[in-house]
Amino acid sequence: MTEIKVKIRNEVGLHLRPAQQLCTKAMEYEGTKILIRFRGREFNAKSLLGLLSACVQQMDEIVLVCDGPQEKQASKELAAFIEHELDGEVFRGVND
């Protein structure tokens, strides 16, 4: 089992689009259990509803927990994905 602390840097936290991106990326590691630990609770990173229910916001720190045959690769790649590639684009109105 591997655990890595990761800070959510994108503007909107783990709201719908970034949560969906993380969920899709986590599903690439079949057979590896991937959880997000936040505020004393654990959430399945392969479940969009699980990620959304965590209510993770910008600059919150989470713990990425991976357990299984691809745990080292998954933890390294998912941590990099969260810190550098997670889409935090916010919809802005026409007048913005």
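Biologist: Which residue in strand 4 stands opposite leucine 35?
Modeller: The model is a predicted one. Strand 2 covers residues 33–38 and strand 4 covers residues 61–67, and the two pair in the antiparallel sense. Leucine 35 has as its opposite number in strand 4 valine 65.

Biologist: Over how many bridges do strand 2 and strand 4 pair?
Modeller: Lysine 33 stands opposite aspartate 67, and isoleucine 36 stands opposite leucine 64. Strand 2 and strand 4 run in the antiparallel sense, and the number of bridges between them is five.

Biologist: In what order do the four strands form the open sheet?
Modeller: Strand 2 pairs with strand 4 and also with strand 3, over four bridges. Strand 1 pairs with strand 4 over six bridges. The pairing is antiparallel, and the order across the open sheet is 1-4-2-3.

Biologist: Which strands stand at the edges of the sheet?
Modeller: The order of the open sheet is 1-4-2-3. An edge strand here has a single partner strand, so one side of it is left without a neighbour in the sheet. The strands in that position are strand 1 (2–7) and strand 3 (41–44).

Biologist: What does the twist average from one strand to the next?
Modeller: The sheet in question is the open one of four strands with antiparallel pairing. From each strand to the next, its twist averages 30 degrees.

Biologist: How many of the seven residues of strand 4 are buried?
Modeller: Strand 4 has pairing with strand 1 and with strand 2. Helix 3 also lies across strand 4. Strand 4 is largely enclosed by the rest of the structure, because the number of buried residues among its seven is five.

Biologist: At about what angle does helix 3 run to strand 1?
Modeller: Helix 3 is made of residues 71–84 and lies across strand 1, strand 2 and strand 4. Its angle to strand 1 is about 0 degrees.

Biologist: Is helix 1 roughly parallel or antiparallel to helix 3?
Modeller: Helix 1 (residues 16–26) packs on helix 3 with the axes 11 Å apart and an angle of about 165 degrees. Angles over 145 degrees count as roughly antiparallel. Helix 1 is therefore, relative to helix 3, roughly antiparallel.

Biologist: Which residues in helix 3 do Gln21, Leu22, Lys25 and Ala26 meet?
Modeller: Helix 1 passes helix 3 in a right-handed crossing. The residues of this contact divide into five nonpolar, one polar and one charged. On the helix 3 side, the residues met by Gln21, Leu22, Lys25 and Ala26 are Leu78, Phe81 and Ile82.

Biologist: Is aspartate 60 buried or exposed?
Modeller: Aspartate 60 sits in the loop between helix 2 (48–53) and strand 4. Leaving aside neighbours within four places in sequence, aspartate 60 is in contact with Val6, Lys7, Ile8, Phe38, Arg39 and Cys55. The relative accessible area of aspartate 60 is 16%, so it counts as buried.

Biologist: How far apart in space, C-alpha to C-alpha, are aspartate 60 and valine 6?
Modeller: Valine 6 has isoleucine 62 as its bridge partner in strand 4. Along the sequence, aspartate 60 and valine 6 are 54 residues apart. In space, C-alpha to C-alpha, the distance between them is 8.5 Å.

Biologist: Near what value is the phi of arginine 39?
Modeller: Arginine 39 lies in the loop between strand 2 and strand 3, in a hairpin with two residues between the strands. Phenylalanine 38 has arginine 41 as its bridge partner in strand 3. Arginine 39 is exposed at 63% relative accessibility. Its phi is positive in a residue other than glycine, near 55 degrees.

Biologist: At what relative accessibility does cysteine 55 count as partly exposed?
Modeller: Cysteine 55 lies in the loop between helix 2 and strand 4. The phi of cysteine 55 is positive, near 55 degrees. Cysteine 55 counts as partly exposed, with a relative accessibility of 47%.

Biologist: With which residues is methionine 59 in contact, leaving aside its neighbours within four places in sequence?
Modeller: Methionine 59 is in the loop between helix 2 and strand 4 and is partly exposed, with a relative accessible area of 43%. The C-alpha atoms of methionine 59 and glutamate 11 are separated by 8.6 Å, although the two are 48 residues apart along the chain. Beyond its sequence neighbours within four places, methionine 59 is in contact with Lys7, Ile8 and Arg9.

Technical notes:
Residues numbered from 1 in each chain as written. Predicted model: local features only at pLDDT ≥ 70, side-chain atom pairs only at ≥ 80, totals over all residues. Heavy atoms only, no water. Pairing = 2+ DSSP bridges. Axes fitted to C-alpha atoms, helices over the stretch in contact; angles between N-to-C directions. Contact = heavy atoms within 4.5 Å. Parallel < 35°, antiparallel > 145°, perpendicular 65-115°, else oblique. Left-handed = near helix turned anticlockwise from the far one by under 90°. Nonpolar A, V, L, I, M, F, W, Y, C, P; charged D, E, K, R; others polar. Buried < 20%, exposed > 50% of the residue type's maximum accessible area, 1.4 Å probe, protein only.
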